[in-house]
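Open the model in a viewer and keep the selection tool at hand. The stops below say what to select and what is there.

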Amino acid sequence: MNKFVYKLFQRVNYSNSGRRSFCLTAARHVEETKDVAEAPTVLVEKDSHITLIGLNREQKRNSIDAATAQKLGEAISQFEADDSSPVGVLYGIGGSFCAGYDLEELEAEADRGSLNFLLRHEGSVGPTRRHPRKPIVCGISGFCVASGLELALLCDLRVMEDTAVLGFFNRRLGVPISDGGTVRLAAAVGYSNAVDIIETGRRVYAREALRIGLVNRIVATGTALGQAVNLAFSIAKFPMGSLMHDRNAVLENANAYNRPGFYAGTYNEVMNVTSDMVTDMQEGVRRFKSSEEKGPKTDSWHIKEKSIPDWEKAEIELEKQFKKT
């Protein structure tokens, strides 16, 4: 176990400036300060030579607004410029990776009849319209949906907790995919699987995600960050010159990931958006807010606990009785 993962089991207290605590089981990194409003929405720290970038909007399920997207782009650019850090880790704080674009900001854009958030140079939720210059491992917990899934697809490798949920939930809001998701998803899982996930907007659970190549590892709930860090260290131990040569060759040569094809694909995502979609977005946001006020008809925002078969329940009871004797 590397030093950082060991530290995550410990509670570290700081006086004067506030208190910082780490907990691996909850995959949390909480900053308690006197002025919560000033808490950074993107946290950057280093464990040895691994850069950790954390989305820190827990109350919003780490949904990303314009300011957070800019800070995330800056954090990734700084990591890319850091010669001492060959591999990065991207994760979400507070139980979910990312719920996509911030709904309040999306509503404001829709009410103005604006699609400006789609036209940002590098992407609406971060630098998603280009390839990162270094490997990034994504630690996925809770919900990784809508533009959050596009952000996860930006990363080289994805480590997913066994109770996490993926999907393009923006389908129900009438919001188009605009951060490279159509290009990267099809390249990762193939045309048929990509069309299924995109058109239905359904949930994708861990086992299916691993089977179709959407994620690379399944880990226990609460361990995505630690396991992503371990994976990053396992990559960083190799000579980086040849590793980067081979990685870049894959990006150049593998189907839609080659640069001309990728840029053409992301360009099409944005430029084919129509004014009719603005109306769909307005109606979709209103429907969603109405359902939230009345109470959701489904448990779409709740992660179901695993069901335990009867034989396993019986075994658990026997173990409890055995311990009492």
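A crossing of two helices is right-handed if the near helix is turned clockwise from the far one by less than a right angle, and left-handed if it is turned anticlockwise. That term is needed at the first stop. The model is predicted.

**Stop 1: helices 5 and 6**

Select residues 181-189, which form helix 5, and residues 191-200, which form helix 6. Helix 5 passes helix 6 in a right-handed crossing. Their axes are 7 Å apart, and the packing angle is about 130°. The two helices are therefore oblique to each other. Which residues meet here? From helix 5 there are T182, L185, A186 and V189; from helix 6, Y191, N193, A194, I197 and I198.

**The whole chain**

Zoom out to the full protein chain, which has 12 helices and 10 strands. Of its 325 residues, 47% are buried. Its accessible surface is about 16,700 Å², with 53% belonging to carbon and sulfur atoms. Taking contacts between residues at least 6 apart in sequence, 70% join residues at least 24 apart.

**Stop 2: strand 6**

Select residues 136-140, strand 6. Are these residues buried or exposed? Five of the five are buried, so strand 6 is largely enclosed by the rest of the structure. In a regular strand the side chains alternate between the two faces of the sheet. Here I136, C138 and I140 point one way, while V137 and G139 point the other way, and all are buried.

Add residues 87-92, strand 5, which pairs with strand 6 in the parallel sense over four bridges. To find the register, look for G88, which stands opposite I136 in strand 6.

**Stop 3: strand 8**

Now select residues 157-161, strand 8. Four of its five residues are buried, so strand 8 too is largely enclosed by the rest of the structure. Strand 8 pairs with strand 6 in the parallel sense, over four bridges. Two of the partners in strand 8 can be labelled: V159 for G139, and R158 for C138.

What joins strand 8 to strand 10? Three bridges do, and the two strands run parallel. Select residues 217-219 to show strand 10; V219 in that strand is the bridge partner of E161.

**Stop 4: L72**

Select residues 66-81, helix 2, and within that helix pick L72. At 0% relative accessibility, L72 counts as buried, because the cut-off is under 20%. Show everything in contact with L72, leaving aside its neighbours within four places in sequence: V42, I53, L55, I64, L90, V125, G126 and L151. For a distance check, draw a line from the C-alpha of L72 to that of L43; the two are 9.0 Å apart in space and 29 residues apart in sequence.

**Stop 5: two positive phi values**

Most residues other than glycine have a negative phi. Two loop residues depart from this pattern.

Go first to N62, in the loop between strand 4 (50-55) and helix 2. N62 has a positive phi of about 60° although it is not a glycine. Its relative accessible area is 1%, and N62 is buried.

Then go to A146, in the loop between strand 7 (143-145) and helix 4 (147-154). Phi of A146 is also positive, near 55°. With 8% relative accessibility, A146 counts as buried.

Key: Residues numbered from 1 in each chain as written. Predicted model: local features only at pLDDT ≥ 70, side-chain atom pairs only at ≥ 80, totals over all residues. Heavy atoms only, no water. Buried < 20%, exposed > 50% of the residue type's maximum accessible area, 1.4 Å probe, protein only. Pairing = 2+ DSSP bridges. Contact = heavy atoms within 4.5 Å. Areas by Shrake-Rupley, 256 points an atom, 1.4 Å probe, with all protein chains shown as cover. Axes fitted to C-alpha atoms, helices over the stretch in contact; angles between N-to-C directions. Parallel < 35°, antiparallel > 145°, perpendicular 65-115°, else oblique.
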